[in-house]
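Work through these exercises with the sequence and the 3D view side by side. Try each task before you read its solution.

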Amino acid sequence: MSLYSRHAWAVSDQKLSLMEKGSKELKMPSDKASSSRLPVLGLGRKRRLDKENAPEPEKKRIRGTGTTIPMSCLKEPTVATIPRAKKQVTAQKAPLKSRPWHTPAATTDVKSRKPISTISAPKPAVSSTTARKGADKRPAWDVKGQLCDLRKEFSACQVQAEVLTRENLELRSQLGPAEQAARTLEAENKSLIRELTEAQAQTKEDQLELVKLGARVQELEEFLRTQESLIQSMQEKQLQLQEDRKDLATRLENQEKQLQESVAALAKSQAEITAQAALLAERTENLHCLEMERRHLLNQLQELKGNIRVFCRVRPVLPGEPVPPPGLISFPPGPRGASEPSTQLSLTRPSDDRCSIIGKLPSPPVRYDFSFDQVFLPDSRQNEVFEEVSLLVQSALDGYPVCIFAYGQTGSGKTFTMEGGPGGDPQVEGLIPRAVRHLFSVAKKLEVQGWSYTFVASYVEIYNETIRDLLVRVGGPQKCQGGECEIRLAGPGSKDLIVTNAQYVPVSCEEEVESLLHLARQNRAVARTTQNEQSSRSHSVFQLQISGRHMGQNLHCTAPLNLVDLAGSERLDPGLSTGPADRERLKETQAINSSLSTLGLVIMALSNKESHVPYRNSKLTYLLQNSLRGNSKMLMFVNISPLEENFSESLNSLRFASKVNQCVIGTARANKK
């Protein structure tokens, strides 16, 4: 039970006890009730008769007349009117205590106490004067009797005034404690009200907290149910995991047994691997020695064949060309008969109707015999030609500079021999695409032995002693026009030569090289001549820089492979007109013949071991000087035409090739580091 409830019960008990005491004490004797018309003592706690608290005097109406006079005009107020006025004022105020002698300890709240006026009190007795007025009224002349009556009434009023004065004093003495008790009760009431308000606020907060706690309890119950289900599922998983653990333990035992067996097998295998590695190292070393031996034997074979070799190739008669007379070109068999590749060629000048100067007889046929390293007949195929060149091409991978020429008059098949026929037919591919394919294939096989190779390609032409880059894109800027491409040393202290402003393209497959060859065909300078519809008017030089490295043996070799398609050689025609086009053709012919003559002079100077070799007399020999020296390997294809009308040019080409074939430039040396 709260503090407020306990206090309310205590107040109610005090009220009941006081009401019982008041009802017993208010029973007064009959004589007192009949003698006074005033209320019982104790009802006028706050009444005062002094001038400060007294109400304004009321106007008293005189019986029998219609006028009223103020009470102040009377000398002495009547005793009967004073209590009534005070009683009315007191009734308007708060109710009084039940007994005039009620102590402060037993007081209760004034507002909750019933007023004393509800207790039945004897009405005041009617005065004798009033009774005589109604019964026998003194005559007007009986002044003495009226005065006696007034004196009696005045004495009664004095007695009544004394009584009222005593009551007033008693009430005044009780007023202070009552007011103090009222203030105490009011303070307690405010405190209880404040406590009640706080209790109500606390109750509301407790109710809200209770609602929250209820929601929290529901949430926790739901969470508990979830956790219980989770625990149940975890227990099931735990059982499953225990079974799995047992299974895994069994498997682990089996795996450990297998592991021990594997470790033993691995140790055995490692021992075998160590033995195999030692054997492999030994065999690798043997293989490397064999590879070095192969290169040495290949080099000896090439030296036995000659560091300068000349192959002769006769092109077939093309459709629409006249059939040459029999015996114009013949191929005498070798010592072993027709089964041996031909190395000789005979060129016979047919007899004519002109008479000789001496005997005035028709001149007899003249036969010219030539001998070369090998002669390819008109029906020879491209793959047969390359088979004789493949070993020489492979020498470039071994670090030997290699240079292959195609020499001959215009229209004799030089470009067909070097680049192949149109249309991309594999059967008619020339030396350049076949040599590149062969190099890539051999380099890939040598990777197993520890060799790694890189290839860088360039393609230039020399036209009228001017170097042009053939790898410039069609429609792009011509970097090498205007003398911009020059031959320079690759760097300080280096003997390698490069062409400035020319493109050097790294290649790794034959498709990349094929795209470069296709681009070069579009850029090369060709023109129509008296011997050929599309004659190459420049020397084209395809250069492939090869660099090989063996990390295990710490070997490094570099070498260039030069595949050169020379411009067609022609004699100057004295009857050539002097037009602009003819003058241009004349200038081209002079530049071509000059560079070819310089090539012959360089080869002869190398053969004769002369101190000065005229490399710089021509851009062609200057560019190829590292591949023409005594430490390089050279091969010249001399291409001739089978037609009778080209007899003189074919004879000159064969004579030049025969001189080259007789030269010996020394022993080739590989560029190894």
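## Exercise 1: A small sheet

Strand 4 and strand 5 (residues 344–349) pair in the antiparallel sense, over 2 bridges. The model used here is predicted.

**Task.** Find which strands stand at the edges of the open sheet 4-5-6.

**Solution.**
- Step 1. Take one pair of residues. Ser330 stands opposite Ser346 in strand 5.
- Step 2. Now take the whole sheet. It is open, has 3 strands in the order 4-5-6, and its pairing is antiparallel.
- Step 3. Count partners. Strand 4 (329–330) and strand 6 (366–371) each have a single partner strand, so they stand at the edges. One side of each is left without a neighbour in the sheet.

## Exercise 2: A covered strand

**Task.** Decide whether the two faces of strand 3 are covered or open, and find which strands pair with strand 3.

**Solution.**
- Step 1. Recall the pattern. In a regular strand the side chains alternate between the two faces of the sheet.
- Step 2. Sort the residues by side. Ile308, Val310, Cys312 and Val314 lie on one side of strand 3, and Arg309, Phe311 and Arg313 on the other.
- Step 3. Check burial, which means under 20% relative accessible area. In strand 3 (residues 308–314), 7 of 7 residues are buried. Both faces are therefore covered.
- Step 4. Look for one partner. Strand 18 (residues 633–640) pairs with strand 3 in the parallel sense, over 7 bridges. Here Phe311 has Phe637 as its bridge partner.
- Step 5. Look for another. Strand 7 (residues 374–376) also pairs with strand 3 in the parallel sense, over 3 bridges. Cys312 has Val375 as its bridge partner there.

## Exercise 3: Two helices

**Task.** Check the length of helix 10 and of helix 9, then find where the buried residues of helix 10 sit.

**Solution.**
- Step 1. Start with helix 10 (residues 510–523). At 1.5 Å a residue, its 14 residues should span 20 Å. Its end C-alpha atoms are 20 Å apart, which agrees.
- Step 2. List its buried residues: Val513, Leu516, Leu517, Leu519 and Ala520.
- Step 3. Use the angle. These residues cover an arc of only 165 degrees around the axis, so they are on the same side of helix 10.
- Step 4. Ask what covers them. The cover includes helix 9 (431–446), strand 9 (451–463), strand 13 (505–507) and strand 16 (539–550).
- Step 5. Repeat the length check for helix 9. Its 16 residues should span 22 Å at 1.5 Å a residue, and its end C-alpha atoms are 22 Å apart. The values agree.
- Step 6. List the buried residues of helix 9. Among them are Leu431, Ile432, Val436, Leu439, Phe440 and Leu446.

## Exercise 4: A listed site

**Task.** Place Gly411 and Thr415, and classify their exposure.

**Solution.**
- Step 1. Read the record. An unreviewed UniProt entry lists a "binding site" that includes Gly411 and Thr415.
- Step 2. Place Gly411. It is in the loop between strand 8 (402–408) and helix 8 (414–418).
- Step 3. Place Thr415. It lies in helix 8.
- Step 4. Apply the cut-offs: buried is under 20%, exposed is over 50%, and partly exposed is in between. Gly411 has a relative accessible area of 28%, so it is partly exposed. Thr415, at 28% relative accessibility, also counts as partly exposed.

## Exercise 5: The whole chain

**Task.** Describe the chain in a few numbers.

**Solution.**
- Step 1. Count the elements: the protein chain has 14 helices and 18 strands.
- Step 2. State the burial. Of its 673 residues, 34% count as buried.

Conventions:
Residues numbered from 1 in each chain as written. Predicted model: local features only at pLDDT ≥ 70, side-chain atom pairs only at ≥ 80, totals over all residues. Heavy atoms only, no water. Buried < 20%, exposed > 50% of the residue type's maximum accessible area, 1.4 Å probe, protein only. Helix = DSSP H or I, 4+ residues; strand = E, 2+ residues; numbered from the N terminus. Pairing = 2+ DSSP bridges. Expected span 1.5 Å × (residues − 1). Arc of directions from axis to C-beta. Contact = heavy atoms within 4.5 Å. UniProt positions renumbered as here; feature names shortened; annotations may be inferred.
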